[in-house]
Amino acid sequence: MTTRTTATASGFHEPGFASIDSICCRAGTGAADGTPLVAPIVQSTTFCRDGVDSRAAHQYSRVSNPTVSALEDVLGALESAPPAVCFSTGLAAETALLLALVRAGDHVVCARAVYGGTTRLLQQVLAPLGIDSTFVDATDEAAVAAAVTTRTRVVLVETPANPTLEVTDLRRVADIAHAAGARLVVDNTFLTAALQQPLSLGADVTVTSTTKFIDGHSVAPGGSVVSRDEALLERVRFVRKSTGAIQTPQHAWLTLQGIKTLPLRLRAQSSSAEALARRLAAHEAVERVHYPTIADPALAAAQHLGAHGAVLAFEVRGGLAAARRVAGALRLCRLVEHVGSVETLVTHPASMTHADLTPAARAAAGVRDGLLRLSVGLESVADIGADLDAALATAALEAAR
Ligand SMILES: *Cc1c(COP(=O)(O)O)cnc(C)c1O
């Protein structure tokens, strides 16, 4: 026996809801007589057995834990899938998923515009183990088709992409992957299942950093793997048990509280982001704005569920120096390496998230020196707009001195 399935209902998930809003609102909610309304944090590393052959649902918290299971039930239900497999971080989820899918000699085709940590994992951890990757412009289907070989097991894309917000056509890329016998993995961190359902668009697996919008409050790191392929989920759980990267019950519990407002937050934050994208596009100090509806409005409308996410990026005229001045002059927008929280967050990728790439590698990932990434929060859109205007004006004054 390799591993035991933990795909049992946690008792803190109410099946039967079809709508994403209801599934989220009732995340981790008890129903049976006498159970707590809110799923408890089960703070125990181990669980009692009534005999050596016990088949109890939980035995040891590296393998499974009731609080983590409650989160897994919800994250699976959000994509009409069996329970998710949850991890300590998004990158732990990506690592376990890739270890479950590839072995030495296999090949990965990865979008060039992906989270920097994904690139680092493929190039600096998996490549030395004999798993090589080719990076392509995933919005160019001919390029994806040309990169796939008989050794390709995985096509990995992120859409909308970080930080360029370009949109990949998941149906088309799924067809290319499947024709080659590979699986399509989608990093759905920016939109989450509330705004995009990759499995219904042809993807085989969704991987999400729950650290970002799903938690939504910058308090709980986590990652999830969702698929309708039970054998693959079993393999991912086996890798998690063998490598020890399960999420803690506290972080699963905090994430469950965040999920309750996920659709509301994402809709409100997306609507502010869209308004700010329009405002910035009309600003004389801004050269270019990146947002899914600008990158590919038809595909964004077809692929997203009524909103396009809280993340936008804009290029300041004057390049590196100008962008650094604007980043330094923002007051309400917080300068951090993060997206997805209720606060508006700003990042200068060239000096922060993508600083250890060469200028050529940055250019290939679409990260220009003047680019600023904004994760729009729940403050009033007027306040965020005023902060951006003031910072752009301050930066222009400083430049003129
Ligand atoms: C943050 C992030 C990750 C990695 O998640 P962690 O929880 O920080 O490990 C992966 N993909 C995307 C798109 C991200 O933004």
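**Two sheets and a cavity**

Helix 6, residues 170–179, lies across strand 4 and strand 5 (183–187), and its direction makes about 145 degrees with that of strand 5. Keep in mind as you look that this is a predicted model. Strand 4 has another helix on it too: helix 4 (residues 116–126) lies across strand 2 (107–111), strand 3 and strand 4 (152–158). Helix 4 runs at about 140 degrees to strand 3.

Now for the sheet under those helices. Strands 4 and 5 belong to an open sheet of 7 strands, and if you walk across it you meet them in the order 1-7-6-5-4-2-3, with mixed pairing. At the edges sit strand 1 (85–87) and strand 3 (132–136), each of which pairs on one side only. From one strand to the next, the twist averages 20 degrees.

Take a look at the strand 1 end. Strands of a sheet pair through backbone hydrogen bonds, and that pairing can be parallel or antiparallel. Here, strand 1 goes with strand 7 in the antiparallel sense, over 3 bridges. If you want a pair to click on, try Phe87, whose bridge partner in strand 7 is Gly223.

Strand 7 also leads us to the inside of the model. Counting cavities of 30 Å³ or more gives 1, and the largest cavity has a volume of about 60 Å³. Where does its lining come from? Helix 7 (192–195), strand 6 (205–209) and strand 7 (223–227) each supply at least two residues. Among the lining residues are Thr192, Ala193, Thr206, Thr208, Ser224 and Val226. Leu75, Leu78, Glu79, Asn188 and Ile214 line the largest cavity as well. By class, that lining has 5 nonpolar, 5 polar and 1 charged residues. Glu79 is the charged one.

Further along the chain there is another open sheet, this one of 5 strands in the order 8-9-12-11-10, again with mixed pairing. Strand 8 (286–290) and strand 10 (334–335) are its edge strands, each pairing on one side only. Further in, strand 9 (residues 311–316) and strand 12 (residues 371–375) run antiparallel and are joined by 5 bridges. Glu315 is a handy marker there: its bridge partner in strand 12 is Leu371. This sheet has a helix packed on it as well, namely helix 13 (residues 319–329), which touches strand 9, strand 10 and strand 12. The direction of helix 13 makes about 125 degrees with that of strand 9.

Notes
Residues numbered from 1 in each chain as written. Predicted model: local features only at pLDDT ≥ 70, side-chain atom pairs only at ≥ 80, totals over all residues. Heavy atoms only, no water. Pairing = 2+ DSSP bridges. Helix = DSSP H or I, 4+ residues; strand = E, 2+ residues; numbered from the N terminus. Contact = heavy atoms within 4.5 Å. Axes fitted to C-alpha atoms, helices over the stretch in contact; angles between N-to-C directions. 1 Å grid on protein atoms, 1.4 Å probe; cavity = no way out; pocket = protein on both sides within 12 Å on 5 of 7 lines; lining within 4 Å. Points joined across faces, edges and corners; volume = space filled by probe spheres on them.
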